[in-house]
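Me: I have a structure open on my screen and would like a close look at a single part of it. Could you pick one helix, walk me along it, and then set it in the context of the whole chain?

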Amino acid sequence: MTSTETRADRFVRELTVLKIPDPAAGRAVLWLRAGAALMTIGVVLGVCAYFISHDTSDPLVQNDALTLGLAAVAGSVVGSALFLRYSLTGFLRYWMARQSYDVELLADRLLERELRHDPTGTDAASR
């Protein structure tokens, strides 16, 4: 490691070595937004279907509203699954990066402590 290399640069280099794809280059944000949009649209369509079915006495229109309501529920479920999947992926990616950083920091501290250790046994800290 060079002294001019920042932690972020080192992290990016290590991700490249481990062959982990950059999440910014993927479509994770797009899928996350699509999931949130589907959830919102599903709720709005469900409310609209409710009012459409109660504003008429025509069974054909009520059946259309029922179909619209079922499609809204399906859209909300799919949107929720997409949102949850990509939200958890982002959180776990951050958590693993943080965990990796903590383990590396601990290893550096232990290595530094080991290097300061006096091999003759006269070091008071080793006792």
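Reply: What follows is a walk along helix 3, from its packing to its surface, and then a look at the rest of the chain. One thing to keep in mind from the start is that this is a predicted model.

Let us begin with the overall plan. The protein has 3 helices and 0 strands, and in sequence order the pattern reads α-α-α. Helix 3 runs over residues 59-116. How well does the span of helix 3 agree with its 58 residues? With a rise of 1.5 Å a residue, a span of 86 Å is expected, and the C-alpha atoms at the two ends are 85 Å apart, so the two values agree.

Next, the buried side of the story. The buried residues in helix 3 are Ala65, Gly69, Ala72, Gly75, Ser76, Gly79, Leu82 and Tyr86. Part of what covers them is helix 2, which takes in residues 28-54.

Ser76 is a good place to zoom in. This residue of helix 3 counts as buried because its relative accessibility is 16%, under the 20% cut-off. Setting aside residues up to four places away in sequence, Ser76 touches Leu38, Met39, Gly42 and Val43. For Val43 there is also a backbone distance to look at: its C-alpha atom is 6.9 Å from that of Ser76, although 33 residues separate the two in sequence.

Now turn the view around and look from Gly42, which sits in helix 2. Gly42 is buried too, with a relative accessible area of 8%. Beyond its neighbours within four places in sequence, Gly42 is in contact with Ala72 and Ser76. Ala72, like Ser76, is on the list of buried residues in helix 3. The C-alpha atoms of Gly42 and Ala71 are 7.7 Å apart, with these positions 29 residues apart along the chain. For the protein as a whole, 64% of the contacts between residues at least 6 apart in sequence join residues at least 24 apart.

Moving on to the surface of helix 3, have a look at Leu84. Is this residue buried or exposed? Leu84 is exposed, because its relative accessible area is 51% and the cut-off for exposed is over 50%. Leu84 belongs to a nonpolar surface patch of about 650 Å², made together with Leu88, Phe91, Leu92, Trp95 and Met96. A general point helps when reading the numbering here: an α-helix has 3.6 residues a turn, so residues three or four places apart point the same way.

Further along come the charged side chains. Side chains of opposite charge can pair when their charged atoms come close. Arg98 and Asp102 meet in a salt bridge, at 3.7 Å from N to O. The two are about one helical turn apart, because 4 residues separate them in helix 3. Arg98 is partly exposed at 43% relative accessibility, and Asp102 is partly exposed at 32%.

A second pair in helix 3 joins Arg116 to Glu112, where the closest N and O atoms are 3.5 Å apart. Here too the partners are 4 residues apart in helix 3, and therefore separated by about one helical turn. Arg116 counts as exposed at 61% relative accessibility, whereas Glu112 is partly exposed at 48%.

How many salt bridges does the structure hold? There are 3, and the one not yet described links Glu5 and Arg13, with 3.0 Å between the closest N and O atoms. Arg13 is partly exposed, at a relative accessible area of 38%.

Before stepping back, one more stop in helix 2 is worthwhile. The whole structure has 1 aromatic pair. The ring centres of Tyr50 and Phe51 lie 5.4 Å apart and the planes meet at 75 degrees, so the pair is edge-to-face. Tyr50 is partly exposed at 47% relative accessibility, and for Phe51 the relative accessible area is 47%, which is again partly exposed.

Finally, the whole chain. Buried residues account for 9% of the 127 residues. The protein exposes about 10,200 Å², and 67% of this area comes from carbon and sulfur atoms. To see both sides of helix 3 on your screen, compare Ser76, which is buried, with Leu84, which is exposed.

Notes
Residues numbered from 1 in each chain as written. Predicted model: local features only at pLDDT ≥ 70, side-chain atom pairs only at ≥ 80, totals over all residues. Heavy atoms only, no water. Patch = residues over 30% accessible without salt bridge, like charges linked within 9 Å, V, L, I, M, F, W, Y side chains within 5 Å. Areas by Shrake-Rupley, 256 points an atom, 1.4 Å probe, with all protein chains shown as cover. Salt bridge = Lys/Arg side-chain N within 4 Å of Asp/Glu carboxyl O. Buried < 20%, exposed > 50% of the residue type's maximum accessible area, 1.4 Å probe, protein only. Contact = heavy atoms within 4.5 Å. Expected span 1.5 Å × (residues − 1). Phe/Tyr/Trp six-rings, centres within 6.5 Å; stacked < 30°, edge-to-face > 60°.
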